[in-house]
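Reader: I have a protein model open and some questions about it. Please keep the answers short.

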Amino acid sequence: MKELEKDSAIKWTEKNLPDLSGKTIIITGANSGTGLSATKFMASKGATIIMACRNPQKAKDAMQSIKTENPAAKLDFIHLDLGDLTSAKKFADAFKEKYASLDILINNAGVAQTPDMKTKDGFELQMGINHLGHFALTSYLVEHLANTKNSRIAVVGSMNGEQGKMHFDNLFFEGNYDAMQAYNQSKLATHLFAYELGKRFENAGIGVEVLAANPGFIKTNILKENAYTTRSFGFKLMFGIAEALLAMSPDQGSLPIMRAATDQTLKNGDFVSPMKTGGMRGLPKLVTLTNPDFNDENAKRLWEMSEELTGVKYEI
Ligand SMILES: NC(=O)c1ccc[n+]([C@@H]2O[C@H](COP(=O)([O-])OP(=O)(O)OC[C@H]3O[C@@H](n4cnc5c(N)ncnc54)[C@H](OP(=O)(O)O)[C@@H]3O)[C@@H](O)[C@H]2O)c1
């Protein structure tokens with residue numbers, strides 16, 4: 001990743017969040033980690049947050065934890081399992097029945113370095129949840145976003161997207177599964193999706209902006225829930241040391257996401273990330289991916305493949 005010069009002096013924190021009164025915001029994976037922190041901060045600015053979570057009890061507990069600190073927080077929960085395309089459609093239908101507009105969609109939920117597992121629709125888990133589930137979900141919400149003035153989508157990618165390679169001939173690593181490569185590919189896919197969607201909106205004259213964010217290296221549940229359970233003692237020890245030395249808090253990790261979602265000095269296609277220690281630490285800066293697999297051809301090819309796999313057709 002390369003920091004863009006013009007942005008080098010900016011120090012963006014939650015204090016830079018604008019007033020969000022009257023705004024409707026969906027955050028996927030809002031019950032934990034960076035999604036929970038973003039929910040807390042954005043609710044404190046007056047927004048109504050729809051917490052799109054797969055586990056109702058965890059969502060309820062998360063909601064309660066925010067309400068204890070901020071009883072006025074406007075929070076709603078609608079069930080969403082991104083590993084099930086039917087659930088993505090049901091979520092969108094339930095949302096649209098209740099809300100007339102959508103100002104910000106934050107595609108934050110994710111899994112990392114999982115064992116070789118499949119979603120309900122038969123997709124490799126990381127590509128299925130991190131990219132294909134969000135690809136389908138977003139398509140169902142496009143009309144609401146397009147009908148809301150100054151609306152935005154912020155997708156949560158990763159510095160791992162920089163290492164990702166697109167394996168179009170074997171997208172799901174059938175027969176040669178590698179958890180890390182599959183995660184890197186799924187995060188590169190997230191960035192390619194954001195880029196292609198933003199370009200398509202622009203070409204169609206639709207004012208929805210799409211930006212990407214990398215939270216950095218953040219101490220959350222993401223590895224503990226998945227990879228951690230199957231890894232050796234040595235891995236856990238090394239990871240524990242790296243986490244203690246380098247990882248930032250979920251509140252810090254929510255900053256690039258919230259900046260991508262709200263900073264009006266940024267524009268369609270921009271990418272926000274910390275820049276210290278290879279994108280792991282620091283305040284959110286305007287950056288660019290330097291991965292050669294992040295290109296127009298791959299963005300278009302992934303889009304077509306994603307439409308085919310999910311059966312979803314975008315009207316743009
Ligand atoms: N932590 C890092 O160092 C790091 C670095 C770069 C990028 N990221 C990205 O940051 C995002 C947030 O992760 P995090 O670190 O905050 O981890 P986290 O604490 O584990 O949060 C992940 C969230 O995603 C939800 N989720 C997982 N599978 C889902 C599904 N099938 N349907 C709906 N929701 C689902 C989880 O729900 P449950 O609680 O029910 O599991 C949880 O709410 C992810 O996209 C991740 O790839 C994280």
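Author: Helices and strands here are DSSP runs, of at least four residues for a helix (H or I) and at least two for a strand (E), numbered from the N terminus. The model is predicted.

Reader: How many helices and strands are there in the protein?

Author: Both kinds of element are present, counted as DSSP runs. The protein has nine helices and nine strands.

Reader: Which radius of gyration does the protein have, against that of a compact globule?

Author: The C-alpha atoms fill a box of roughly 50 × 45 × 45 Å along the principal axes. For 316 residues, a compact globule would have a radius of gyration near 20 Å. The value for the protein agrees with this: 18 Å.

Reader: What percentage of contacts between residues at least 6 apart in sequence join residues at least 24 apart?

Author: Start with burial: 50% of the 316 residues are buried. Then take contacts between residues at least 6 apart in sequence. The share that joins residues at least 24 apart is 77%.

Reader: What is the hand of the β-α-β unit made by β3, α2 and β4?

Author: Strands β3 (residues 48–53) and β4 (residues 74–79) pair in the parallel sense over six bridges. Within that pairing, Met51 has Phe77 in β4 as its bridge partner. Helix α2 (residues 56–69) completes the unit with the two strands, and its hand is right-handed.

Reader: Is Asn184 buried or exposed?

Author: Asn184 sits in helix α5 (residues 179–203). Beyond four places away in sequence, Asn184 touches Asn160, Gly161, Gln163 and Gly164. A residue counts as buried at 20 or more other C-beta atoms within 10 Å. Asn184 has 24, so it is buried.

Reader: Which residues come nearest to the ligand?

Author: The shell around the ligand divides into 12 nonpolar, 15 polar and four charged residues. Helix α1 (residues 33–44) gives the largest share, three residues. Of the 31 residues around the ligand, the nearest are Gly29, Gly33, Ala109, Gly110 and Thr220.

Reader: Where does Phe173 lie?

Author: Phe173 is not a glycine, yet its phi is positive, near 55 degrees. It has 17 other C-beta atoms within 10 Å, so Phe173 is partly exposed. Its place is the loop between β6 (152–156) and α5.

Reader: How many other C-beta atoms lie within 10 Å of Thr277?

Author: Thr277 lies in the loop between β8 (271–273) and β9 (285–288). Its phi is positive, about 50 degrees, although Thr277 is not a glycine. Thr277 is partly exposed, and the number of other C-beta atoms within 10 Å is 13.

Technical notes:
Residues are numbered from 1 along each chain as its sequence is written. This is a predicted model: local features need pLDDT of at least 70, side-chain atom pairs count only at pLDDT 80 or more; totals for chains, interfaces and linings use all residues. The radius of gyration is taken over C-alpha atoms; the globule rule is 2.2 Å times the number of residues to the power 0.38. A residue is buried if 20 or more other C-beta atoms lie within 10 Å of its own, exposed if 12 or fewer, and partly exposed in between; C-beta atoms are placed from the backbone. Two residues are in contact if their C-beta atoms, placed from the backbone, lie within 7 Å. Two strands pair if DSSP finds at least two bridges between them. A crossover is right-handed if, with the strands pointing away from the viewer, the path from the first strand over the helix to the second runs clockwise. A residue is near a molecule or strand if its C-beta atom, placed from the backbone, lies within 6 Å of it. Ala, Val, Leu, Ile, Met, Phe, Trp, Tyr, Cys and Pro count as nonpolar, Asp, Glu, Lys and Arg as charged, and the others, Gly among them, as polar.
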